[in-house]
Each structure stands twice: as C-alpha cells, then as structure tokens.
Amino acid sequence: MKKPTAASPAKTIAALAKQLRTYKDAYYNATPLVSDAAYDALEDQLRALAPDHEVLQSVGSPAAVTAWAKARHAIPMGSLNKAVDEGEFRAWAARCDELGAKAKLTGITNNLFVTEKLDGLSLAVTYDKGKLTDAITRGDGEIGERITSNARRMKGVPHQLKSPVSVTVRGEIILKLSDLKKAFPGAANPRNQASGTSKRFDGAGCEHLSVLFYDLEGEELSDESKKFKRLTALGLSVPNSKATNLAGAIALHQEYAKSRRAKLDYEIDGLVVRAHDVHVQHMLGELGNRPRAAVAFKFASQAKVTTLIDIIWDTGSSGRVSPIGVVEPVELAGATVRRASLHNASNIAELGIGIGDKVLVSRRNDVIPYIEEVVTKKGKLAKPPTTCGVCKSKLDKVGEYLACRNRECPALVEGRIQNWVDAIGVLDWGEKLITQLVEAKLVREPADLYKLEPEQIAKLERRGMVIAQKVLAQLRATLPLSLPKFLAALGIENFGLQSAKTLVAAGFDSIEKVQAAKEAELAGLPGVGRAKGKAIADGIQQRKAEIARLIAAGVVPVNKANAGPLAGRTFCFTGALARPRKELEQLVESCGGTLLSGVTKELNYLVMADPASGSSKSQKAKQYGTECLDEAAFLAIIERARRAKPTKAKRA
Ligand SMILES: [Zn+2]
C-alpha cells in the first residue's frame, strides 16, 4: 500500500502559493499571465489544501488599502425622476410631449427606450485607449470613491476593451441572486451585501459581484439602442432593454411586475424609460440634475408594515435556534406573509424588537420574508429563551446564535441523520423519510440506518415494499465508505470532506490512527490550526462509541486508494448528461474510482454527451491520451466493475 506522506501536500501547497504570488503581482502590474478563471481555480485548489493560507488572505492590491480616495466625476452622475404608478408615468410622458412641442419636437413618447432599473450601486469606469484606468462610485453624484482595485475583481469589468477607445462607461454593481446564495448564504439583501463588499479594503468577495453597463460618454451616438450595441461590442454586458412607445412601455412594466421580474437572477426595482433619441434628451435638458427626458418607473413596494404578534424559537437540525416572527398576515409580492425571519438572537437585540411593535417586513424575489426594522415601538424588548423548545435543555451562545447542544434532542437527531445521508450521497433518502424514521423511533443515530429491515420502512405512511427495498439497496451500494467520507459523514462541526481528506493524506489513514491522533498533531496540519484541531479531536472523542457501533453494524471505513474494482482509475464528467451529475459521480466513488474536476494528464476517462463533438475539452483529452466516452459506455464500465469479483477492500 502506498502510504501518503505528510510532505507531499506541504510541497503542493508551497508550489501553489508561489504560483499564485507570481500571478497576483503580474495582475497588479496590469500584465496578467493567466485568465481570471484559471487564477480562481488555483486559488480554490490552495483553499482546499490550506484554507487559512496567507496568500488567500492577501486579496486586493499588494499595498493594502486603508481608505478609498475621494475622486471627482468628470461629468456628474445625475439621478432620475420617479414615477410610482401608471398615473405618474403618464404625467411624465405628457410633460415630455408638452416640452417637446415648445422645442418643435414631435412624437417623443412614440419613441422610447426601456431598460431594467438595477437595484445596486452606480459606478463610472474609465478606459484609456481601451485599458481600464479608473473606477469611481457614484457617491453624491459629484464626488465618489475610487475603488479601482476592487472593480478590477468584479465580473463584467474587462481590464481591456475590445477596441482601443477612450471612454467612460456607467453601470451598476449588483450581486446576482445565484451568487448571493453561493457566496453569502447568510445574507438576505443583495444590494446591501454588494454595497458592503464593493467597498471592502481587502477586496475580499468582489469576485462575486457583477457590473452591467447602460451608458457611455466619449463617443457621439444618436440613440440609446446604438449605445447598447456599442457597449456590447466593446465587451461589456448590458441589462435587458427594448425600444417601444408609451403603450408598449406600460405593457412591459405590467409584464415585469407580473412575472418577468421574479424570473431574473438579479433584483430590479423598476424600469428606466427615456426618450430614445439622444438629441431629444439634450433638447429637453435637466432640472436639478435630473434629466427631464428620463424617468424611473418603479414597481410597487415589496416591503410592508405590519404588527409583530409573537416570536417563536425554532431548533434547526444543526442545533441552531433561530427566532421567527409571527406577524399580522400581510400581502407581499403576491403571497400572504404570516411568518418572517428574524435571523438570530443578536439581531433581536440589534433591532430592539418586541411583541406588538409595528415592523417592516420585506420579501424579495424567492428569498424568504424577513423583518427589516422596527417602525413603531410598542412592546418591551423580546428576551431570547434560555432552554431549547424541543428538548428543554439549556442553550449555548455561539457567536450571534443560540444553539442546543443536546445530542439526543430530536431536532438534532434528524439533522445528524440527514448529514450522514447527504455526505454518503444516497439520493432517495429524502427529508420526509428521515423525519418518519426518527418519529417512529426506528433511527436514533446513523448506525441504526444499517439495521433497518425492509418491512419496517414499508410499514411507514406512503412507503411500501418497493420503496423500502430501493432505499436499502441504495444504502448498501455506498459501502464500503472511504475513510474521508466516513469521517465527514459523522457531522463534526467544521470537519467536512476536504479537511478529512487532508487528515488522511497526512498519514492518518486508518480509523484507529484518526482516533489516536493528538490535538497538537491535528493542529499542525495544513489549514487546520489550533481551534479547529481541538474541535476535530473533541468531536472524534465524543463519537467514539458511535463509531464503534457503526463498525459493528458493518460500516467499515476503507482506505479509498485500495478499495473497489475501479481503484486507481480517474473520471471526469462534462456538459449535460441524462443522469444527474451527483448520481454519476457516486457510481464512480462506489466502485473505488477517483473523480477529477478537469482534464489533466492524470485523467483516464472523460464522460460527455457526444465524444465526437470535438469540443476543446475532448481535444485536450485526446492529447493526453484520455479516453472520451458517452454515458452508455461509462455505465457499461460500471456494470463490468460491479460484476467483476469484488477486490478485497483493505480494512483501513
Ligand atoms: Zn434541543
């Protein structure tokens, strides 16, 4: 058996860090050596091995920024007149036509240009002969902050335009909802998150922000459509837009309010409608820094004031106890809201909230409703509980949260089973089935899953024998579990699959060695450190009896490198395939194969919908001698592997 040594990850880490430093320096000298995507991928690799590495901390320019310089806009960034309903919008249009008539311009409102009004922060970006030189936030319109180094990190801000022109372009910094979910899972308001992140001195998180552009200066273009085409041709992204007339603009507004808005991956708070013709815009002029020929046609508010009736404290599956506000029902964005999140215990004090208060509840797109602020104070300050509502044991304070630490708490038991099932990847074991099993007292810990008889599951409501046999077969198919997966599935806080892999790679390659590991040894591992080392050591000690029961139930962790008929063979999936990606990956792992995330010399099989497609990945694969196959051929390999005599899994 090839024993992984502790030296190899350290060497890899040092090499990665060196590489990243070189690229970073080149980047800040405006001579990037690799694409942003490649840079990010390397950073991810390093993060997987050593999450706390100093190279990962030192984002932003090498000389750390301590305050943003103020900068004056060459041309002030104005603001827009607002229309909050159709009546006001029509009044704006009538005023345009009236002013137009005086200037002998006709048909202004027959020729309008409509764009989405992005709910973000305005930014002016200057390019000199095509090269990004400056990025200034809107500020008060006259003077903003020069956040150039941060803007360079944002998506949609090319460092080089497609033509060597000197222009200033205006756009909006936004945080897409998909990026909000991925990168800032705790945050609820993308605009606030974008605002805070874009001004961070260390630049951290700016890579998750996007900029869409809608205006440019420095070139004479006769109408708005031409501007948008030009922006696109320069390599900049623009929001959705349409040239239309007055009736068309109103219809579009209705369409957005009804459905289109909810389908977007970013938040908009209205549509911007302006005279299409730039000459007309100039003729109508400005009033108080607001162009007369443009208006922000807003949507009805997604926030309403209602009364807080009660606060319930819900123990989640991780043990975290979260406050939920019960409110006087209120219609919000097409739904009746009765409950709204209050985030955590600290937030209760921060809001100074109490029962009977008038509160502002908001609901943005698909994000769950939450209480934003107290509008009128009535009740006395709400007190967080001291005991768990489910099991009555005393609560701990963990940062801003309250937590139930009773491992027998029914709310946590479900969480631990769910964590196990997720970590080993059995797809048909849904949340409902787990709840049923816990409620029926059939399962109290992961080891109990392996003692279940099909009849026990079949008897549960809406289950039956077919389902019972299917889920149990799926559970068995995941055996033997690799040691890292087994450890991650135990659900020790802060000890996920990556950390478990680091541990095993460092030589703790059997469950006995892991259990014998000293706190100091763990703390010395790359990316672990003292606090995490202690948490892992404690977690493993606490689960000693549970681990013994798992092994007794037949769940014996194995050293992956030696287990399974596909041991030593590597697989990568690309593009859309008929089966879910997760399921395919699981097939590989269940046979002892290894998954790679990209095409490298080490890759044996690249699985894709059409191996004859000649895509860049398949070409690269051919260079390396990697075999390209379709899904059917892949499944045949799995089938053969499964039928082959099982290799003796070495007990880890
Ligand atoms: Zn509890």
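**Group meeting: a five-stranded sheet and a buried helix face**

Okay, let's start with the contacts: in this chain, taking those with a separation of 6 or more, 67% are between residues 24 or more positions apart. Keep in mind that this is a predicted model.

A few overall numbers while you turn it around on the screen. The chain has 652 residues, and 46% of them count as buried. DSSP gives us 25 helices and 24 strands. The C-alpha trace spans about 90 × 65 × 50 Å along its principal axes. As for the accessible surface, we get about 32200 Å², with 52% of that belonging to carbon and sulfur atoms.

Now, the sheet I'd like you to look at. It's an open one with 5 strands, and if you walk across it you meet β2, β13, β10, β3 and β9, in that order, with mixed pairing. So which strands stand at the edges? Those are β2, residues 81-83, and β9, residues 241-244; each has a single partner strand, so one side of each is left without a neighbour in the sheet. On average, neighbouring strands here are turned by 30° against each other, if you ignore direction.

Zoom in on β9 and its partner. Strand β3, residues 112-118, runs antiparallel to β9, and 4 bridges join the two. If you want a landmark, find Leu112: standing opposite, in β9, is Thr244.

Next, the helices on this sheet. Helix α8, residues 224-233, packs on it and touches β3, β9 and β10, the last of these being 268-275. The direction of α8 makes about 50° with that of β3. Then there's helix α9, residues 246-263, which also packs on the sheet, touching β3, β9, β10 and β13, with β13 at 294-298. For α9, the angle its direction makes with that of β10 is about 165°.

Okay, let's jump along the chain to helix α22, residues 544-552. Which residues are buried in α22? You'll find Glu546, Ile547 and Leu550. Look down the axis of α22 and these buried residues fall within an arc of 100°, so they line one face of the helix.

And what covers them? The cover includes α12 (410-424), α14 (446-449), α17 (483-489), α19 (511-516) and α21 (529-542). One last stop: just after α22 comes Gly554, with a positive phi of about 95°.

That's my tour, thanks, everyone.

Key. Residues numbered from 1 in each chain as written. Predicted model: local features only at pLDDT ≥ 70, side-chain atom pairs only at ≥ 80, totals over all residues. Heavy atoms only, no water. Pairing = 2+ DSSP bridges. Axes fitted to C-alpha atoms, helices over the stretch in contact; angles between N-to-C directions. Contact = heavy atoms within 4.5 Å. Buried < 20%, exposed > 50% of the residue type's maximum accessible area, 1.4 Å probe, protein only. Arc of directions from axis to C-beta. Areas by Shrake-Rupley, 256 points an atom, 1.4 Å probe, with all protein chains shown as cover.
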